[in-house]
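Here is a walk through one protein model, meant for a reader who has not met it before. Please keep the sequence and the view at hand while reading.

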Amino acid sequence: MENSAENRTCPSAAAEEKTEGRRHFVKTTLAVGIGAACVAVPVYGGARMALYPLQQEGLSGKEYQLTTLANLDETPRLYAVTDTVTDAWVSSPNQPIGTVFIRKTAEGEVQAFQTVCPHAGCRIKVDKQKDPETGEEKTIFFCPCHGDAFDLNGERLSPETSKSARSMDSLETRVDEEGRVFVKFQSFRLGCAEKSPV
């Protein structure tokens with residue numbers, strides 16, 4: 001009688017092995033799944049970065065009408081560049097693809113600059129700042145990430161101490177007979193002295 005009661009309450013060695021085998025299988029499956037997810041995230045991110053220019057094929061180097069001559073003076077103004085972005089599956093209209101500064105010089109020349117700092121890709125700002133060379137406060141371009149400063153013609157103010165290896169990236173402009181201002185939007189490689197289109 002006692003033996004049969006013990007048999008009912010204590011699992012057999014075979015049953016214990018079966019349970020342990022299931023636990024091992026579940027643990028192994030979970031470990032493989034979590035490991036795969038940990039590897040997939042950076043691989044996916046890297047692939048997106050590598051393939052991003054291909055997803056926007058045809059946008060770089062395209063001309064956009066962004067303002068009119070009547071809206072411009074010597075103070076740089078920020079303009080958003082939008083276009084229809086098409087990747088491998090979807091076409092999305094009116095998507096922001098970048099921003100540019102546009103200004104008209106005292107001589108009447110229209111200048112446009114990429115807002116991406118050539119050093120590490122931070123967004124350049126324009127505001128009253130202390131000129132690093134003269135110490136006087138005036139309107140200049142500056143990178144808030146690493147402190148580089150550029151004059152209103154896009155030139156580095158302290159080339160010998162600048163983190164950026166080149167001046168701001170200028171963009172081609174065109175003004176038609178109706179006074180509309182067109183800018184050829186372009187992205188350039190970061191961190192090198194040469195201005196090289198992406």
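The paragraphs below go from the overall make-up to the strands, the surface, the cysteines and the charged pairs.

The model is predicted, and its protein chain has 198 residues, of which 29% are buried. Its secondary structure comes to two helices and ten strands, and, read from the N terminus, both helices precede the strands in the order α-α-β-β-β-β-β-β-β-β-β-β. When contacts between residues at least 6 apart in sequence are considered, 48% of them join residues at least 24 apart. The chain exposes about 13,000 Å², and carbon and sulfur atoms supply 54% of that area.

Among the strands, four form an open sheet, arranged in the order E2-E3-E4-E8 with antiparallel pairing. Its edges are strand E2, covering residues 77-86, and strand E8, covering residues 170-171, each of which pairs on one side only. Strand E2 is joined by nine bridges to strand E3, which spans residues 91-104 and runs antiparallel to it; within this pairing, Thr-86 stands opposite Ser-91 of E3.

After E3 comes a loop leading to E4, and Glu-109 is found in that loop. With a relative accessible area of 46%, Glu-109 is partly exposed, and, once its neighbours within four places in sequence are left aside, it is in contact with Arg-103 and Lys-104. The C-alpha atom of Glu-109 is separated by 9.5 Å from that of Thr-173, although the two residues are 64 residues apart along the chain.

Other pairings involve strand E10, which covers residues 180-184 and is joined by five bridges to strand E1, residues 63-68, in the antiparallel sense. Here the bridge partner of Thr-67 is Val-181 in E10. Strand E10 also pairs with strand E9, residues 173-175, over three bridges and again in the antiparallel sense, with Arg-174 standing opposite Phe-182. The hairpin made by E9 and E10 has four residues between the strands, and in this hairpin Gly-179 takes a positive phi near 85 degrees.

Turning to the surface, Phe-25, Val-26, Leu-30 and Ile-34 make a nonpolar patch of about 430 Å². Phe-25 has its place in helix H2, which runs over residues 13-55, and this residue is exposed because its relative accessible area of 57% lies over the 50% cut-off.

What holds the one disulfide of the structure? It is formed by Cys-122 and Cys-145, whose sulfur atoms are 2.1 Å apart, and with -105 degrees about the S-S bond the link is left-handed. The pair links distant parts of the chain, since Cys-122 is in the loop between strands E4 and E5 while Cys-145 is in the loop between strands E6 and E7, 23 residues apart. Cys-122 is buried at a relative accessible area of 17%, whereas Cys-145, at 43%, counts as partly exposed.

Why is Cys-117 not bonded to Cys-143, which holds the closest cysteine sulfur? The two sulfur atoms are 3.9 Å apart, which is too far for a bond, because a disulfide needs them within 2.5 Å. Cys-117 itself is buried, with 0% relative accessibility, while Cys-192 is partly exposed at 26%.

The structure also holds eight salt bridges. In one of them, Glu-63 meets Arg-174, with the closest N and O atoms 2.7 Å apart; Glu-63 lies in strand E1 and Arg-174 in strand E9, so the pair ties together parts that are 111 residues apart in sequence. Both partners count as partly exposed, Glu-63 at 38% relative accessibility and Arg-174 at 36%.

A further salt bridge joins the side chains of Asp-131 and Lys-138, at 2.9 Å from N to O. Asp-131 counts as buried at 3% relative accessibility, while Lys-138, at 30%, counts as partly exposed. Lys-184 and Glu-172 form another, their closest N and O atoms being 3.8 Å apart, and this pair links Lys-184 in strand E10 with Glu-172 in the loop between E8 and E9, twelve residues apart. Of these two, Lys-184 is partly exposed at 30% and Glu-172 is exposed at 53%. Finally, Asp-176, Glu-178 and Arg-180 are linked in a network of salt bridges.

How values were computed: Residues numbered from 1 in each chain as written. Predicted model: local features only at pLDDT ≥ 70, side-chain atom pairs only at ≥ 80, totals over all residues. Heavy atoms only, no water. Pairing = 2+ DSSP bridges. Patch = residues over 30% accessible without salt bridge, like charges linked within 9 Å, V, L, I, M, F, W, Y side chains within 5 Å. Areas by Shrake-Rupley, 256 points an atom, 1.4 Å probe, with all protein chains shown as cover. Salt bridge = Lys/Arg side-chain N within 4 Å of Asp/Glu carboxyl O. Buried < 20%, exposed > 50% of the residue type's maximum accessible area, 1.4 Å probe, protein only. Contact = heavy atoms within 4.5 Å.
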